[in-house]
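Trainee: I would like to learn how to read a protein structure feature by feature. Could we go through one together, with the general idea set out before each case?

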Amino acid sequence: MNKYITCDQLITDFLHDYVATTLSPEKAFEFERHLGVCPPCKRYLKNYRETIVMAKTVGSTPRTLERVPDDLVRAILKTRRSGG
């Protein structure tokens, strides 16, 4: 890739594969280069990873539905509405 990836590309095209460590070295480099100049995407990645951890934790404990954080519920609903 010769040009910087956009925030939208980072989230829609690369984020899942980056976290799963399945991006090619070239794409991972571009992803990390973008993160180096884009604090909002860096925060988004951090929140994305935290959401994954919370979701795994929530699913592993009994009677978790009552303890699902409101922020997680809002994030899930927002993602569903946006088609992501």
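Mentor: What follows is a walk through the folding pattern, the helices, the core and a few single residues. Please keep in mind throughout that this is a predicted model.

Trainee: Where should I begin, and how many helices and strands are there in the protein?

Mentor: Begin with the elements along the chain: the protein has four helices and zero strands, and read along the sequence the pattern is α-α-α-α. Of the 84 residues, 20% are buried. Among contacts between residues at least 6 apart in sequence, 54% join residues at least 24 apart.

Trainee: How do I judge whether a helix is straight, and what span does helix 4 have?

Mentor: The idea is to compare the distance between the end C-alpha atoms with the span expected at 1.5 Å a residue. Helix 4, residues 70-82, has 13 residues that should span 18 Å, and its end C-alpha atoms are indeed 18 Å apart, so the two values agree. Helix 1 also has 13 residues, but its ends are only 16 Å apart, short of the 18 Å that a straight helix would reach.

Trainee: Where does helix 1 bend, and by about how much?

Mentor: The bend is at aspartate 13 and comes to about 50°.

Trainee: How should I think about which residues of a helix are buried, and which are they in helix 1?

Mentor: An α-helix has 3.6 residues a turn, so residues three or four places apart point the same way. In helix 1 the buried residues are Leu10, Phe14, Leu15 and Tyr18. Helix 4 presents another case, for one of its 13 residues is buried, so helix 4 lies largely in the open.

Trainee: What happens to buried nonpolar side chains, and which residues form the largest nonpolar core here?

Mentor: In soluble globular proteins, nonpolar side chains tend to be buried together. The largest nonpolar core in this model has 12 residues, including Ile5, Phe14, Leu23, Ala28, Leu35, Cys38 and Leu45. Helix 1, helix 2 and helix 3 (39-60) each supply at least two residues of this core, and helix 1 gives the most, with four residues. Leucine 35, a member of the core, is in contact with Leu10, Cys41, Lys42 and Leu45 once its neighbours within four places in sequence are left aside.

Trainee: How is a pair of aromatic rings described, and how many such pairs are counted here?

Mentor: A pair of aromatic rings is described by the distance of the centres and the angle of the planes. The count here comes to one aromatic pair. Tyrosine 18 and phenylalanine 31 form this pair, which is stacked, with 3.9 Å from centre to centre and 15° between the planes. The pair links distant parts of the chain, since tyrosine 18 is in helix 1 (residues 7-19) and phenylalanine 31 is in helix 2 (residues 25-37), 13 residues apart. Both tyrosine 18 and phenylalanine 31 are buried.

Trainee: Is histidine 34 buried or exposed, and what does its side chain reach?

Mentor: Burial is judged by the relative accessible area, and buried means under 20%. Histidine 34 has 6%, so it counts as buried, and it lies in helix 2. Its side chain reaches the backbone oxygen of isoleucine 5 at 2.8 Å. Leaving aside neighbours within four places in sequence, histidine 34 is in contact with Ile5, Thr6, Cys7, Leu10 and Cys41.

Trainee: Where is isoleucine 5 found?

Mentor: Isoleucine 5 is in the segment before helix 1, and it is buried, with a relative accessible area of 5%. Its C-alpha is 6.9 Å from that of glutamate 30, although the two residues are 25 apart in sequence. Beyond its neighbours within four places, isoleucine 5 is in contact with Leu10, Phe14, Glu30, Phe31 and His34.

Trainee: What about a backbone angle, such as the phi of threonine 21?

Mentor: Here one looks at the sign of phi and at the kind of residue: threonine 21 has a positive phi of about 55° although it is not a glycine. Threonine 21 lies in the loop between helix 1 and helix 2, and at 69% relative accessibility it counts as exposed.

Definitions and conventions:
Residues numbered from 1 in each chain as written. Predicted model: local features only at pLDDT ≥ 70, side-chain atom pairs only at ≥ 80, totals over all residues. Heavy atoms only, no water. Phe/Tyr/Trp six-rings, centres within 6.5 Å; stacked < 30°, edge-to-face > 60°. Buried < 20%, exposed > 50% of the residue type's maximum accessible area, 1.4 Å probe, protein only. Expected span 1.5 Å × (residues − 1). Bend = angle between axes of the 7 residues up to and from the residue. Polar contact = N/O pair within 3.5 Å; in protein donor to acceptor, adjacent residues only side chain to side chain. Contact = heavy atoms within 4.5 Å. Core = buried A, V, L, I, M, F, W, Y, C linked by side-chain atoms within 4.5 Å.
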